[in-house]
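Let's take a look at how the charged side chains pair up in this model, and at one that doesn't. A word on the surface comes at the end.

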Amino acid sequence: MPTTKDRTSRNRAASRPFALWREVLTAYAAPALMAGTAGVVTGQQNLAVAACTSIAGTSAVVAFLVGTWLRHGGQPRRWTTTTPRLALTAALVITTAGAAALLGWFAAQWLPAHTTIPAIPWLERLRIDLPLSAALATTIVTLRWRSTTTASPT
């Protein structure tokens, strides 16, 4: 008996509209649960705290910003729908992860050196937490958004 392709999952994903609030909620909850569980299981209290603050918070903010930018007021930019999915995702990931890395460096290095904020250990976590969370959230939101849009004819 020949195997058949399951087309129902693709049609269901394509028919489901992109809901920004759902993406932001998922972007917060998923890393908070996963990293929080890992922190509790391994006994790393700082990871459990970071899971609900810097990791999940960054993911939610990035998901909101990227999702808002992609939707562009309900009318997506033409190049975002015609650019190959992987190229668009890579460009956005590099941009958001780079911006988040700069923000992490700023918080960990510049703030303690130039302000009265002490150099505390959780500031150092931001160098890894921010770009990693931004990259993951950007990838997921971009791919999910593209699955709900269709490329415009040229």
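Helices here are DSSP runs of H or I with at least four residues, numbered from the N terminus. Keep in mind that this is a predicted model.

Start with helix H6, which spans residues 121-148 and holds Arg 146. Arg 146 is buried but makes no salt bridge; Glu 23, the nearest side chain of opposite charge, sits 14 Å away. What does lie 2.5 Å from a polar atom of the Arg 146 side chain? That's the backbone oxygen of Thr 83. Beyond its neighbours within four places in sequence, Arg 146 also touches other residues, including Thr 80, Pro 84 and Leu 88.

Now for the pairs that do form. The count comes to 3 salt bridges:

| Pair | Closest N to O |
|---|---|
| Arg 144 and Glu 23 | 2.8 Å |
| Asp 129 and Arg 125 | 3.2 Å |
| Arg 127 and Glu 124 | 3.7 Å |

Arg 144 in helix H6 and Glu 23 in helix H2 (residues 20-42) are 121 residues apart, so this bridge ties together distant parts of the chain. Glu 23 counts as buried because its relative accessibility is 5%, while Arg 144, at 38%, is partly exposed.

Asp 129 and Arg 125 are both in helix H6, 4 residues apart, or about one turn. Asp 129 is buried at 6% relative accessibility, and Arg 125 is partly exposed at 22%. Arg 127 and Glu 124 also share helix H6, 3 residues apart.

Finally, the surface: Leu 103, Trp 105, Phe 106 and Trp 110 make a nonpolar patch of about 400 Å². Leu 103 belongs to helix H5 (residues 85-114) and counts as exposed because its relative accessibility is 52%.

Key: Residues are numbered from 1 along each chain as its sequence is written. This is a predicted model: local features need pLDDT of at least 70, side-chain atom pairs count only at pLDDT 80 or more; totals for chains, interfaces and linings use all residues. Side-chain values use heavy atoms; hydrogens and water are left out. Patches are made of residues with over 30% relative accessible area and no salt bridge: like charges are joined within 9 Å, nonpolar side chains (Val, Leu, Ile, Met, Phe, Trp, Tyr) within 5 Å. Accessible areas come from the Shrake-Rupley method with a 1.4 Å probe; for residues, only the protein chains shown count as cover. A salt bridge is a side-chain nitrogen of Lys or Arg within 4 Å of a carboxyl oxygen of Asp or Glu. Helices (H or I, at least four residues) and strands (E, at least two) are DSSP runs, numbered from the N terminus. Buried means under 20% relative accessible area, exposed over 50%, partly exposed in between (1.4 Å probe, protein chains only). Lys and Arg count as positive and Asp and Glu as negative; His and the chain ends are not counted. A polar contact is a pair of N or O atoms within 3.5 Å; within protein, one must be able to donate a hydrogen and the other to accept it, and residues adjacent in sequence count only if both atoms are side-chain atoms. Contact means heavy atoms within 4.5 Å.
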